[in-house]
Amino acid sequence: WLVIDRKVYDVSRFSKQHPGGSRVISHYAGQDATDAFVAFHNDKSLVKKYLKSLLIGELAPDQPSFESNKKKSLLEDFRELRCTIEKMGLLRPNYVFFFLIFLHLLVLDAASWLVVWYFGISLVPFLVGIAFFTIAQIQMGWFQHDLGHCSVFKTPKWNRLLQIVVINVLKGLPASWWNHLHNQHHAKPNCFRKDPDLNMHPLLFSLGKTLSVEVSIGMAGEAKVLKTESYRVRVSGLQLPHYNVFSFFSLEKRRRSSCLTIISINISSVTVYILLFNQEEKVVGKH
């Protein structure tokens, strides 16, 4: 059960068909999910049609309609700020901006390969190609992030489609995996055991005093506080082996099927490498 606008819904069965994944809903079991519901759904009138069959009651008058760990005054200020931002039109996307973003990503990605192909694999062209490729890959990550939030197009379908092109085909990572984790991150940001971005222990890092105590108890069987600072350590390359691989195999079959599209980047990379090595062999052979 969860609460939205003081109405109580039983989402036990619906959670398995939830487009955002069952974990996002389960993280709010027994809690008020009003603000999360507003943040995650653009077309709220459409979603509320599905909620009618799940409605089982309303909160009692003496029950608060917000999460227990949040201050009511701060929450009211936040909701007022959100309404102001929406009225000012700051959440409406600029299509020209996003088109230019996508175009310059394609240009940088193509330039990274063309520089090495045309000038060869000597040090300077190689470094220039790496610079182009790295910038393109980082910017692709942020662009697909906006697509994953359905912030570019009004229709979620077009956001998902272009996100698959950017992250699956151009970056070689499954969009379903990213959405599965990132939805949970925004549903419960920095909440231990619910935000996947924090689930990096004990293989990589132990963060914060509370987490350090809990990990040390689990590993040593006694309360032994580890000397760690209460800040987050984020190293993308180290995060991948911890939850990228495990989360990939934990996804449902229908989501794993989309991962087939990531094969394309591997095929293109191998093809380019073969062409470059063949070109280099020809040059060496002439000398």
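Begin by selecting Gln-144, His-145 and Gly-148 in helix α6 together with Trp-178, Asn-179, His-182 and His-186 in α8; these residues meet, contact being heavy atoms within 4.5 Å. The model is predicted, with local features needing pLDDT of at least 70 and side-chain atom pairs counting only at pLDDT 80 or more, whereas totals for chains, interfaces and linings use all residues. Residues are numbered from 1 along each chain as its sequence is written, and side-chain values use heavy atoms, without hydrogens and water.

Next, display α6 and α8 (residues 175-187) in full: their axes lie 11 Å apart and the helices pack at an angle of about 70 degrees. α6 is therefore roughly perpendicular to α8 (65 to 115 degrees).

Now move to Val-124, which is located in α6 (residues 123-148). Val-124 counts as exposed because its relative accessibility is 58% (exposed is over 50%, buried under 20%, partly exposed in between, with a 1.4 Å probe and protein chains only). Add Leu-123, Phe-126, Leu-127, Val-128 and Ile-130, which with Val-124 form a nonpolar surface patch of about 550 Å² of accessible area together (residues with over 30% relative accessible area and no salt bridge, nonpolar side chains being joined within 5 Å and like charges within 9 Å; a salt bridge is a side-chain nitrogen of Lys or Arg within 4 Å of a carboxyl oxygen of Asp or Glu).

Then select Cys-150, in the loop between α6 and α7 (156-171). Cys-150 is not a glycine, yet has a positive phi of about 55 degrees. Cys-150 is buried, because its relative accessible area is 13%.

Finish at Arg-6, in the loop between β1 (2-4) and β2 (7-9). The phi of Arg-6 is positive, near 70 degrees, and Arg-6 counts as partly exposed at 27% relative accessibility.

Definitions and conventions:
Areas by Shrake-Rupley, 256 points an atom, 1.4 Å probe, with all protein chains shown as cover. Helix = DSSP H or I, 4+ residues; strand = E, 2+ residues; numbered from the N terminus. Axes fitted to C-alpha atoms, helices over the stretch in contact; angles between N-to-C directions. Parallel < 35°, antiparallel > 145°, perpendicular 65-115°, else oblique.
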